[in-house]
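The following exchange concerns a single molecular structure. Please examine the sequence and the coordinates before reading the answers.

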Amino acid sequence: MFKAQLNTNTLKSKVDKNIYGHFSEHLGRCIYGGLYVGENSDIPNVDGMRLDVVEALKAVKIPVLRWPGGCFADEYHWMDGIGPKNERPSMINTNWGGVTEDNSFGTHEFLRLCELLGCEPYINGNLGSGTVREMSQWVEYLNSDNISPMTELRKKNGREKSWGVKYFAVGNENWGCGGNMRPEYYADEYRRYATYCRNYGDNKLVKVACGPNANDFKWTETIMRLCRGHMDALSLHNYVWRWKDSATEIDDEKYFDVVRDALSMEFLVEQHSKIMDQYDPGKRIALFVDEWGAWYKAMEGTNPGFLYQQNTMRDSVVAASILNIFNNHSDRVRMSNIAQVVNVIQALILTEGDKMLKTPTYHIYDLYKEHQDATLIGCDILENDEYSVEMRRPPMPPEHEGHHHPPKEIKSVNISATRAEDGSICATLCNVNHEKSISCSLSLVGNSYSEVSARILTSERYDDINTFEEPEKITLKPFTTNLSGSEITFELPPFSTFALII
Ligand code: AHR
């Protein structure tokens, strides 16, 4: 049994729409083949951007897109990706499969894609192998309307007006692929690079400092202590890292193990926020969880460096539960970017030639889109079931599992609820329990309601997937609830996610 009370007049933090953000890296078939096919492709496109993918992302109201990496960002030299395409130098993508990157998708193409999607661009600068001057000039090229060599160059390349890019990260994973730095060293580098990322006109940059990997609390403490006056956000990367396990061969134990690990996001967000609170009690500095997702072994027969994997109902539970956690911690978490948007890790969309499918994770973003820019409301959980699976296999070594703190106890149902400007309430509930339907009851305090509309993502098995042969096997379905007085009741099937609008 799950019982909760929604206090519809207890307004908490705003759920920034950017919590529903995405990430696109020059990795495998995310950019090339996934988002961009080039102007000469037979696949329907606008300026080279796949129309089917653009439409699908617009339908879930994509608010922000991060680019060009990831690890790729700290090897990327932006000037190689501007100007006539046939004159752009190529490079080796050493992080991802050692393939040749021809730089045909660069700054102008990315910003055109964001225009088509109607979303904010979030650009990640190169601190690891780039120069201060290079980063500073990129920001000038993007955002200045003064007369300068950079703005003249931009105009020569076909763009008169600046783009006004707001979100800019100064390095990526600089504790690892971005230079293997110690936090103290990165802090000094960050301060130097960030100094020359200038504001132009009315555009105020949101400067993002590289944050910790999972539970590296020392990193957070050091960066907050040394950089807090120079930054607007700290990033956090946290994957459910099962890189030796298949995405689709799942048993009860593996199901539980992944879901439990996904729920550890709450512990991490809370712990990093506590450290941030010591230095920034007013919460000016946001936490951007700008990489997260369930990362499995690449699909058999594909380039292991391309990180292409299928996406099951289990992954929909991972996404739904983590997004509920972000909503519930939206006082500090103001952006998140699932990795990655197309064809890589926990993708929303998979493509094969001209075919495209929406994964179960995609449908979670569809289900949750009403939360964007709404206000979190009070939600008291009065009753919830414990859920566990006996773990017979030995625990995984840390290099396989990552550095997480899987909670010892899992509750069957997680929830978040928001109130939109028009007064409507959206509640999203996920039953993570793989074998039990849960009877749910939500009582509404503060207002009277006469109508409820609800949709559900459910399927027969936790390893169910959408395929190119059967792309609509798993889709959102309308769902019937009972509204009596101020109480709504319904039965939530195993590994299902449900949203209601009241
Ligand atoms: O998303 C794939 C990779 O994971 C990114 O390039 C990197 O930042 C992280 O380690």
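Q: Which residue in S20 does Ile 415 stand opposite?

A: This is a predicted model, in which local features need pLDDT of at least 70 and side-chain atom pairs count only at pLDDT 80 or more, while totals for chains, interfaces and linings use all residues. Residues are numbered from 1 along each chain as its sequence is written, and side-chain values use heavy atoms, with hydrogens and water left out. Strand S19 (residues 413-419) and strand S20 (residues 425-431) run antiparallel and are joined by seven bridges; strands are DSSP runs of E with at least two residues, helices are runs of H or I with at least four, and both are numbered from the N terminus. Two strands pair if DSSP finds at least two bridges between them, and the residue opposite Ile 415 in S20 is Leu 429.

Q: Which strands stand at the edges of the open sheet of 10 strands?

A: The sheet has mixed pairing and the order S23-S22-S26-S20-S19-S16-S1-S21-S25-S24. Each edge strand has a single partner strand, so one side of each is left without a neighbour in the sheet; these strands are S23 (477-478) and S24 (482-484).

Q: Why is strand S12 described as largely enclosed by the rest of the structure?

A: The term buried denotes under 20% relative accessible area, exposed over 50%, and partly exposed the range in between (1.4 Å probe, protein chains only). Strand S12 (residues 286-296) is largely enclosed because the number of its 11 residues that are buried is 11.

Q: Through which helix does the chain cross from S12 to S13?

A: S12 pairs in the parallel sense with strand S11 (residues 233-242) over nine bridges, and Tyr 239 has Gly 293 in S12 as its bridge partner. Strand S13 (residues 333-339) also runs parallel to S12, with four bridges, and Trp 292 is matched there by Ile 338. The β-α-β crossover from S12 to S13 is right-handed, that is, clockwise from the first strand over the helix to the second with the strands pointing away from the viewer. The helix on this path is H9 (residues 313-328).

Q: How much of the accessible area of the ligand does the protein cover?

A: The ligand has 13 residues around it, counted if a heavy atom lies within 4 Å, and Glu 25, Cys 71, Glu 173, Tyr 239 and Glu 291 come nearest. Among the polar contacts (pairs of N or O atoms within 3.5 Å), ligand oxygen atoms lie 2.8 Å from a polar backbone atom of Cys 71, 2.8 Å from a polar side-chain atom of Tyr 239 and 3.0 Å from an N or O atom in the side chain of Gln 340. On its own the ligand has 280 Å² of accessible area (Shrake-Rupley method, 1.4 Å probe), and the share covered by the protein is 94%.

Q: Which residue of S8 is the bridge partner of Trp 67?

A: Strand S5 (residues 64-67) is covered on both faces, with Val 64 and Arg 66 buried on one side and Leu 65 and Trp 67 buried on the other. S5 runs parallel to strand S2 (residues 21-23), joined by two bridges, and Phe 23 stands opposite Arg 66. S5 also runs parallel to S8, with four bridges; the partner of Trp 67 in S8 is Ile 123.

Q: Is Gly 118 buried or exposed?

A: Gly 118 lies in the loop between helix H2 (107-117) and strand S8 (120-125). Its C-alpha atom is separated by 8.7 Å from that of Val 64, 54 residues apart along the chain. With a relative accessible area of 62%, Gly 118 is exposed.

Terms used:
A polar contact is a pair of N or O atoms within 3.5 Å; within protein, one must be able to donate a hydrogen and the other to accept it, and residues adjacent in sequence count only if both atoms are side-chain atoms.
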